[in-house]
Amino acid sequence: MSQVLLEMNNIKKSFGAAAVLKDVHFALKKGEVHALVGGNGAGKSTLMKIMTGVYTLDEGEILIEGQVQQIDDPMDAKKAGIAMIFQELSLVQTMTVAENIFLGEELKKGIFRDVEAMNRRAREVLEELGLDVDPTTPVNQLSVGMSQMIEIAKAISKNARILVLDEPTASLSTSETAHLFKIIRELKEKGVSMVYISHRMNEILDIADAITILRDGELIVSDAIENMDLEKIIFYMVGGKSSQKKFEWVERAYDAEGEDLLRLEHLKVDEKIKDISFSVKKGEILGLAGLMGSGRTEILETLFAIRTKKGGTVWLDGRKVDCRHPWEAVQAGFALVPEDRRKQGLVLEHSVRDNAILPIVQQVVKGKTPTIDDKAINEIVNRDVEKFNIVTSSINKRIGLLSGGNQQKVVISKWLNTNPKIMMLDEPTAGVDIGAKSEIIHIIRKFADQGNGVILVSSEFTEMLAVCDRIITLFDGRITGVIPRKDIKEEEELEHAVQESGE
Amino acid sequence: ACGTEQPETPVDTTNGAGQQTETSGSAGSTAAEDGEIKSLGPNGETAVSAETLGLTDEEIEQIKAGNYKAAISFHYGGNDWSASQLQGLKDTFEKLGIEVVGVTDANFAPERQVSDLETLMALKPDIMVSIPTDPTATADAFQRVADAGVKLVFMDNVPNGFEAGKNYVSAVSADNYGNGIIAADLIGEALGGKGRIGVVYFDVDFFVTNQRLEAFDRTMAEKYPDIEIVSRMPFQDTNEASNVADAMITQNPTIDAIFAHWDVPAEGVLSSLRAAGMNDVKISTIDLGNNIAKEIAAGSVLGVGAQLPYDQGVAEATLAAYALLGKEAPPYVAVPAKRVDQSNILEAYEDVYKVSAPSWLVEAKN
Amino acid sequence: MRFKKAGNNMKISLKTIQWNKFMVYIVFLVVFALFSATLADKGFVDSRNIMNILRQTAMISIMAIAGTFVIASGQIDLTVGAVAAMTAMIAALVLERTNSIILALVCGLAFGALAGSVNGFLVTKWGLPSFLATMGMMSVIRGSAMWITNTAAVPIKNFAFNNTFGIGTLGGISVLILWTIVLYIVGIYIFNKTSFGRHVLATGGNEVSAGYSGIKTNRVKMMVFIMSGMFASFAGILYAARMQAGRFSFGDGDELSVIAAVVLGGASMGGGTGSVIGALAGSILMGIINNALILAGLSTAQQTVVKGLIIVIAVALSNFAQKKKR
Amino acid sequence: MRFKKAGNNMKISLKTIQWNKFMVYIVFLVVFALFSATLADKGFVDSRNIMNILRQTAMISIMAIAGTFVIASGQIDLTVGAVAAMTAMIAALVLERTNSIILALVCGLAFGALAGSVNGFLVTKWGLPSFLATMGMMSVIRGSAMWITNTAAVPIKNFAFNNTFGIGTLGGISVLILWTIVLYIVGIYIFNKTSFGRHVLATGGNEVSAGYSGIKTNRVKMMVFIMSGMFASFAGILYAARMQAGRFSFGDGDELSVIAAVVLGGASMGGGTGSVIGALAGSILMGIINNALILAGLSTAQQTVVKGLIIVIAVALSNFAQKKKR
Ligand SMILES: Nc1ncnc2c1ncn2[C@@H]1O[C@H](COP(=O)(O)OP(=O)(O)OP(=O)(O)O)[C@@H](O)[C@H]1O
Ligand SMILES: Nc1ncnc2c1ncn2[C@@H]1O[C@H](COP(=O)(O)OP(=O)(O)OP(=O)(O)O)[C@@H](O)[C@H]1O
Ligand SMILES: [Mg+2]
Ligand SMILES: [Mg+2]
C-alpha cells in the first residue's frame with residue numbers, strides 16, 4: 001500500500017499569462033483511491049490532463065515507479081497504463097457506444113476492425129457496470145447520465161493501472177454512484193490506483209484512502225483520509241473562511257395553503273410520462289427526485305415547450321398557459337437552467353457578457369430605438385458578476401474558459417435577468433464546488449423568497465434536502481410520492497422513497 | 001475555377017496551330033470585302049459559300065417521309081450565337097420534317113460533351129449537329145457517333161483526324177479570320193490610320209479566338225503601321241473583362257481605341273470607359289449581340305465583324321439532309337463575315353437574326 | 001504537435017477556433033504595402049486605380065454583408081450569384097417594358113426576398129441542409145434567368161437608372177462605392193448594434209442553447225436568408241446598371257467569392273463568429289490581388305497561380321502573426 | 001417547429017442530427033422509377049443508357065470516395081477538380097515524352113499525393129481553415145495546369161493507356177465502371193472496416209474527444225487530404241484516358257459535385273458522419289438526373305431549372321419519409 005506508483009514533482013503550468021498550477025506535487029500510491037479536491041478552477045483537471053498527456057507541463061517532472069517518464073501525448077499516457085474519465089464528456093456523439101469505448105484502440109482481426117468482438121466486449125463492460133444498453137446505440141441518443149456511465153465504461157475497459165476519474169458522478173444519482181463505488185473497490189482489489197475528483201464531500205469521505213487539496217493552483221495539503229474530516233477539508237479548500245453556509249435545511253416561510261403559482265394537470269409527454277399532476281406555491285421550492293431516466297428532465301423540458309405536450313393543462317398564476325415554443329414559455333414567465341450547460345445552456349465560444357444577456361438582449365435598447373445599449377448591458381452583467389461572485393477576469397472572457405461552477409452561475413444569472421415566475425433548475429450544481437454550490441443554493445432561496453416558484457431537479461440528495469420545501473418522487477415517469485421536507489429525517493429515507501416506490 | 005468563361009465559339013486547339021498557319025498564309029490580310037471568305041477548312045479545303053446549298057421540293061418530301069431524328073450538341077449554349085444558330089437549325093429541320101430530339105450544352109467542358117454525346121445516342125438520332133468543345137479530347141466520342149452510322153455535321157471545327165465524306169458530312173464555319181480583319185479595319189479607319197490602341201483578349205488557346213486575334217494583329221501591322229498596340233491584357237472570365245479594361249485605361253489614359261475579343265467582353269470595356277468618363281475611346285469587336293447592336297446604333301461602339309449564326313444553322317441542317325439523301329455535300333461550307341457599323345446596323349441585325357429590327361434598336365439609332 | 005500547441009492555448013477544438021478577427025487587416029496592409037512598393041510605376045497606387053478596385057469589388061462586398069449574417073448563423077447561401085443575375089434580368093425587362101426605375105427596383109428586391117424566403121423555408125420548415133437547398137435553388141434560379149429571354153441579354157437604356165446604380169459618380173466618387181458605404185453602415189449597425197445581430201451569432205454559435213434561451217432560431221435563419229436574397233438582388237441591380245443590361249451569366253461564381261470574403265474577414269464556417277467590416281476587408285483584399293496581378297502584366301494562368309499563392313501565404317502569415325502575439 | 005420535433009426524439013441537438021443515412025437510397029429509387037416510367041420510350045432504361053450514366057459519373061463517384069473521408073473528418077477539399085486536371089496534363093505530357101504508362105501513373109498519383117500533402121500541411125501545421133487553404137490551392141493548381149502548355153490540350157496516343165483507364169471494356173463493361181467498383185470496394189472497406197475509418201469519423205465528430213482518446217487527429221487529417229489528392233489524381237488519369245488528352249479545364253467545378261454527392265449520400269458538412277456507398281448513390285443520382293433531362297428533350301435552361309427542382313424536392317421528400325418512419 002505504501003509503494004508510490006506515480007509522482008508529479010514541481011509541476012508548473014500556465015495558460016497565457018494565467019498561472020494555473022504553481023509548483024504542485026502529487027504522489028499516487030499503488031492500489032489507493034486518492035481524492036483530489038479543490039474549488040472550481042483550482043487546477044485539478046489541469047493537473048490530471050498533464051498526467052494523461054492532454055496538456056504538456058511547463059516545468060516539472062513525472063515519475064512512474066521512480067523512473068522519469070515523458071508524457072507528451074495521450075498515446076504516451078496510454079502506454080504508461082494511465083486512463084482518464086474526462087469531466088467534459090468526451091464521447092463522439094455521432095458514433096456508437098462500442099465505437100466510443102474502443103476509440104483509438106480498436107480490436108482488430110487482421111487489418112480490419114473486429115466489430116463483433118468489440119460489441120461483445122463492450123456489452124461485458126457495460127454489464128459489469130450494471131448498464132442495460134445496446135453497444136450499437138449512437139451516443140447522441142443517450143441521456144447525460146447514461147453518457148457519463150459510458151465514459152466510465154470506456155475508461156475501465158482500458159485495464160489501466162492508473163485510472164483518473166474527474167467528477168464521474170456529476171450527473172449520477174445515488175444508485176448509479178453506489179454501483180460505481182462497487183467497481184472502484186473491485187479495481188482497488190486488483191491493485192489499480194485511482195485519482196478521484198469530486199465536489200461531493202460525502203463521496204470523498206466514503207471512497208478515498210488519501211486526499212490532496214489544491215487551492216488556486218497551489219498544493220495546500222496531502223494526507224491520508226483518516227486525518228481529515230469535512231470541516232477540515234472545507235477549511236483547506238476555501239482557505240481560512242471556515243464559516244461556510246452548511247447544507248442545512250432552513251424552514252422557509254411561504255403560504256402553503258395559498259394559491260398555486262403553477263399547476264399541472266394530467267400532463268402527458270410520451271408513453272412513459274402519461275399523467276403528471278402537481279403544483280407549486282408562491283415562494284415554494286419543489287424538488288423532483290428520481291433515478292436516472294425517471295423522467296425529471298422531460299417534465300421540465302415539456303413545461304419549457306422544448307418537448308411537445310401531448311396532453312394535460314398547465315396553469316400559471318391562475319391563467320392557463322399553452323406554450324408551443326420556448327420563447328413563449330420565456331414570455332409566460334418560465335426559465336430553465338438546463339441539464340447540460342455546455343450543449344444547452346451556453347454558447348461556449350461567446351463571451352460571458354453575450355451569454356448572460358442572451359435572453360433579454362432585445363430589451364436592453366436605447367429608448368425606443370432598436371440600438372442595443374452596450375453600457376446598460378455592461379452594467380447588468382457587471383452587477384451579476386458581482387452579485388453572484390462569478391470569477392472571471394473580464395466579462396468579455398470566453399465563457400468556455402471559465403470553470404464549471406462559474407459557467408453555471410452565468411446560466412442562472414442569465415435567467416434571473418428575465419424576471420421569471422418559475423425557475424426550473426435541472427442539476428444546477430453538477431460539477432460545482434462546494435462554495436459555489438452554497439452560493440447557488442442561496443440564490444435559489446432568495447429567488448423563491450420573492451414569491452416566485454422553483455422546481456429543482458438534483459441527483460444529489462443532500463442538496464435537495466437542503467433546499468426543497470417539498471419533494472416529489474418519480475419512478476419511471478410516474479409520481480410515486482409527495483413528501484414535505486419536514487417529514488424527512490434522514491437522507492436514506494429519500495433514497496428509499498426513490499428506489500422502492502417503484503415496487 | 002468557377003466562372004471560367006470561354007468565348008462563344010471556342011473550337012480548340014491542338015491542330016489549331018496548323019490551321020492558322022494555312023489560313024493566314026493563304027487568305028492573308030487583304031481588306032475584307034463583304035462576302036469574301038478568308039478562312040480555310042480544317043483540312044485546307046477552300047470554302048464553298050452557304051448560298052450555293054439548296055434542296056428541291058422533291059428532296060424535301062423525300063426527307064419528310066424518312067421521319068428522321070436529329071440531335072444537337074453545343075459546346076456552350078448561353079449566348080446569342082448559339083441561340084441564333086439553334087434557331088436556324090430548328091427552323092430548317094422543321095421544314096424538313098426532322099424531329100430535334102435533344103439539345104445539349106457542355107458549358108465548355110469536353111468531358112461533359114462526351115457524356116452528352118453518349119446520352120444523345122440513346123435517343124437513336126439519324127443526324128448529329130455539333131461543335132467539338134475540344135478537337136482532341138472529343139475525337140473518340142465523335143468517332144463512336146460516326147461508327148453508329150449517324151450523319152455528323154460540324155459547326156466551325158472538326159475533331160482531330162476527321163475527314164469529310166469519311167467520318168463526317170461537312171463542316172460549316174463562320175469566317176473568323178475575316179471578322180478579325182473587319183474589327184481591325186473599323187478601328188484603323190476611325191483613327192485615320194494613326195493612334196494608340198489596346199487589346200483585351202481571351203487568354204485560352206482556342207481555334208476561333210486565335211484566328212480572330214491573329215487576323216486583327218496582322219491587319220494592324222500591315223495595313224495600319226502607325227497604329228501602335230500599347231497594351232494587351234488577358235481575361236478568362238467575361239465577367240472580369242471590365243476589371244481588365246479598368247486597369248488598361250488607368251495605365252494608358254491617352255488610349256484611342258480598344259479591341260475586345262467578342263461582344264460580351266466589349267460590353268465590360270464599354271462600362272469601364274463610361275465609368276471613367278472616357279467616352280471618346282473607340283471600341284470594335286466581333287459578334288452582333290443585342291447590347292452591342294444597341295451601342296453601335298447609338299454610336300458608342302464603332303462596329304463589329306458579325307457572324308451569321310442563323311445562316312450557319314440553316315446550312316448545317318441542309319447539309320445533313322444532303323447526307324440523308326445521299327447527295328454529295330461540299331466538305332467545307334463557310335458563311336461570310338459581315339461588317340456592321342452604325343450605317344448598316346438595322347439591315348445587319350435583320351441579316352443576322354432573320355427578324356425585323358426591334359423597336360429599341362431603331363430608337364437607339366435615332 | 002499542433003494538438004499540444006493548440007491544447008496550450010485552450011484552443012484544442014480546431015472547430016471552435018475563431019479564425020482571428022483581426023488577421024484580415026494585417027494581411028490587407030501587408031499585401032497592399034507589397035503591391036504599392038512593387039507596382040507603383042504601373043499605377044497601382046493611383047487614386048483612380050484604388051477607386052477602380054473599390055468599384056469592382058462593390059457587388060461582392062455588398063453580398064458579403066448579408067453573407068456574414070448567413071455564415072455567422074451557421075448557414076450557407078449558394079444562390080447569391082444566381083439571384084443577382086435573375087434580378088438583373090428582371091430589372092432590365094421591367095425597365096424595357098415600363099421604364100419605371102421604382103418598379104424595377106421593387107420587382108428586383110421582391111425577387112431577392114422571395115428567393116431568400118424559399119431558401120429559408122427549405123432550411124427551416126423542410127429541414128434541408130442549407131448547402132443542398134441553396135445548391136438546388138441556385139440551379140433553379142440561374143436556369144430561370146437563362147430561360148426568360150432564352151439566354152439573350154436585355155439592354156437597359158434608362159440613363160437615370162444606369163447612372164444612379166452603376167456608372168454615375170457623386171462628387172467624383174462612383175455610385176457603386178457610395179452604395180457600398182451606405183449598405184455597410186446599415187450592415188454594421190444591424191450586426192453589431194441590434195439584438196438581431198446577437199441572435200444571429202447565438203444561433204450559429206449553438207443553436208440548441210439559443211433555442212433554450214428563447215430565441216426563435218428558425219425565424220432568425222429565415223430572416224438571414226431573406227436578407228441574403230435582398231442584398232444579392234441589390235447587387236444584381238448594380239450589375240445591371242453597371243453593364244447597362246441584364247444578362248443571365250452575371251455573378252457566376254460569386255457565391256464562392258462571397259464566402260471567401262466573409263471567411264477571410266474573420267468568420268468561421270461553423271457559425272457563431274463573423275465581422276461585417278472584416279468581410280469588406282476580405283472582399284477588397286481579393287479585389288486588390290486581382291487588380292495588382294492584371295497591372296503586373298501576368299497572363300491569366302500566372303494570375304491564377306499567383307492569386308492562389310497569395311491567398312494561402314497571406315492567410316498563413318497573419319495566422320503566425322496572431323499566434324506570436326498571444 | 002423543427003426544434004420541437006427534434007426534441008421529441010430526444011435529438012435536441014440539431015447540430016448532431018445526422019442527415020439521414022438512408023435518404024439517398026429512397027430518393028434514388030423514387031427518381032429512378034419516375035424517369036423509368038416517363039422516359040422509357042426515350043431509351044432511359046436501355047442497359048446501354050444505364051451504362052452511360054455509370055460511366056459518366058465514374059470520376060465524380062471516385063473522387064466522392066475520398067470526399068466522404070474528407071467531409072467525415074470535418075474538412076473540405078476544393079482542389080479535387082484542379083488536381084484531376086493537373087494530373088491529366090502530367091500524364092499526357094509524360095506519355096508524350098516517354099510513352100511509359102507506369103511512369104505516367106506514378107507521376108500522376110505522386111502529384112495527387114503531393115497536392116494532398118500540401119493541403120494537409122496548410123491545415124494541420126499552419127492551421128488554415130481548410131476552405132481557404134484548398135481554395136487557394138485550387139487556384140494554384142488550376143493555374144499551373146493552364147501554364148505548363150499555355151492552355152493547349154495534349155493528345156495521348158498510347159492506346160493501351162487509353163484503353164485501360166478510359167475507353168476500353170472488359171466483358172462488355174466499361175473499364176471506368178470497373179475501376180469505380182474496385183475503388184469503392186477499397187473505400188468501403190477502409191471506411192467501415194478499419195480503425196482508420198473510425199478515427200476519421202471521430203476526428204470530424206469531436207476533435208477534442210478524439211485527441212483525448214489518443215488519436216493523432218492531425219495525422220488523420222493529413223492522411224485524409226493525401227487520400228483525397230490521390231483519388232482526385234486517379235480521376236484525372238481516367239479523364240485523360242477517356243478523353244485521350246490532357247486539358248487544363250478537366251474537372252472544372254467537380255469540387256462542388258463531389259461535395260453534393262457526399263452530402264446527398266448522408267454526410268453532414270460539419271463532420272462526424274458519412275457513408276461511402278451513400279456518396280456513390282448521390283453521385284449516380286445526379287448523373288441520372290442529368291441524363292434523363294437531356295433525354296426528355298429539354299433546353300439547357302429548362303434542364304438547369306428542373307435539375308435544381310428535382311434536387312430540392314427529392315431531398316425534401318426523403319426527409320419527410322424519414323420523419324414519418326420515426
Ligand atoms: N438508463 C437508461 N437507459 C436508456 N435510456 C435512458 C436511460 N436513462 C435515460 N434514458 C433516456 O434519456 C431520456 C432522458 O431522460 P431524462 O433525462 O428525462 O431522465 P431524468 O430523470 O432527468 O434522468 P437523467 O437526467 O438523470 O438521465 C429518457 O427519455 C430516456 O429515453
Ligand atoms: N485550456 C485552457 N486555457 C486557458 N485557461 C484554462 C484552460 N484550462 C483551464 N484553464 C483555467 O485554468 C484554471 C484551472 O482549471 P481546471 O479545469 O484545472 O480547474 P478544476 O480544478 O478542474 O475546476 P473544476 O472543479 O471546475 O473542474 C481555471 O481558471 C481555468 O479557467
Ligand atoms: Mg475540472
Ligand atoms: Mg435529467
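Trainee: How many residue pairs are in polar contact between chain B and chain C?
Mentor: Happy to start there, and keep in mind that this is a predicted model. With both residues of each pair at pLDDT 80 or more, the count between chain B and chain C is 16.

Trainee: Which helix of chain B gives the largest share of the side that touches chain C?
Mentor: Several elements of chain B each supply at least two residues of that side, including helix 3 (80-95), strand 8 (227-235) and helix 13 (359-365). Helix 8 (241-251) is also one of them. With eight residues, the largest share comes from helix 8 of chain B.

Trainee: How many residues of the side of chain B that touches chain C are nonpolar, polar and charged?
Mentor: In total, 39 residues of chain B are in contact with 37 residues of chain C. The residues on the chain B side divide into 10 charged, 14 polar and 15 nonpolar.

Trainee: What is the area buried between chain B and chain C, and what percentage do carbon and sulfur atoms give?
Mentor: Good thing to ask about the B and C pair! The buried area is about 3000 Å². Of this, carbon and sulfur atoms give 48%.

Trainee: Which residue of chain C forms a salt bridge with Glu363(B)?
Mentor: The rule finds four salt bridges across the interface of chain B and chain C. In the one made by Glu363(B), the closest N and O atoms are 3.3 Å apart, which is within the 4 Å cut-off. The partner is Lys157(C).

Trainee: Which chains have the most contacts between them?
Mentor: Not every pair of chains touches: chain A and chain B do not, and their nearest C-alpha atoms are 33 Å apart. Among the five pairs that touch, the most contacts are between chains C and D.

Trainee: Which parts of chain D do the buried residues of helix 5 of chain B pack against?
Mentor: In helix 5 (residues 139-147) of chain B, the buried residues include Ala139(B), Phe142(B) and Val145(B). Within chain B, the buried residues pack against helix 4 (110-121), strand 4 (127-130) and strand 5 (151-155). In chain D, their partners are helix 8 (159-167) and helix 12 (217-243).

Trainee: How many residues apart in sequence are the parts tied together by the protein donors of the magnesium ion (ligand 3)?
Mentor: The protein donors are Ser45(A), through OG, and Gln87(A), through OE1, at 1.9 to 2.0 Å from the ion. Ser45(A) lies in helix 1 (residues 44-51) of chain A, while Gln87(A) lies in the loop between strand 6 (82-85) and helix 3 (97-101), so the pair ties together parts that are apart in sequence by 42 residues.

Trainee: Is Ser45(A) buried or exposed?
Mentor: Buried means under 20% relative accessible area. Gln87(A) has 26% and is partly exposed. Ser45(A) has 16% relative accessibility, so Ser45(A) counts as buried.

Trainee: Which residues are the protein donors of the magnesium ion (ligand 4)?
Mentor: One donor is in helix 9 (residues 296-303) of chain A, and the other is in the loop between strand 18 (334-337) and helix 11 (341-345) of chain A. They lie 1.8 to 2.4 Å from the ion. The loop donor is partly exposed at 23% relative accessibility, and the helix donor is buried at 14%. In that order, they are Glu339(A) and Thr297(A).

Trainee: Which residues does Glu298(A) touch, not counting residues up to four places away in sequence?
Mentor: Glu298(A) is found in helix 9 of chain A. At 15% relative accessibility, Glu298(A) counts as buried. The residues touched are Asp270(A), Lys272(A), Ile273(A) and Arg307(A).

Definitions and conventions. Residues are numbered from 1 along each chain as its sequence is written. Chains are lettered from A and ligands numbered from 1 in the order in which they are written. This is a predicted model: local features need pLDDT of at least 70, side-chain atom pairs count only at pLDDT 80 or more; totals for chains, interfaces and linings use all residues. Side-chain values use heavy atoms; hydrogens and water are left out. Donors are N, O and S atoms within 2.8 Å of the metal (3.2 Å for Na, K and Ca); water is not among the atoms, so sites may look incomplete. Helices (H or I, at least four residues) and strands (E, at least two) are DSSP runs, numbered from the N terminus. Buried means under 20% relative accessible area, exposed over 50%, partly exposed in between (1.4 Å probe, protein chains only). Contact means heavy atoms within 4.5 Å. Buried area is the accessible area (1.4 Å probe) that two parts lose on being put together, summed over both. A salt bridge is a side-chain nitrogen of Lys or Arg within 4 Å of a carboxyl oxygen of Asp or Glu. A polar contact is a pair of N or O atoms within 3.5 Å; within protein, one must be able to donate a hydrogen and the other to accept it, and residues adjacent in sequence count only if both atoms are side-chain atoms. Ala, Val, Leu, Ile, Met, Phe, Trp, Tyr, Cys and Pro count as nonpolar, Asp, Glu, Lys and Arg as charged, and the others, Gly among them, as polar.
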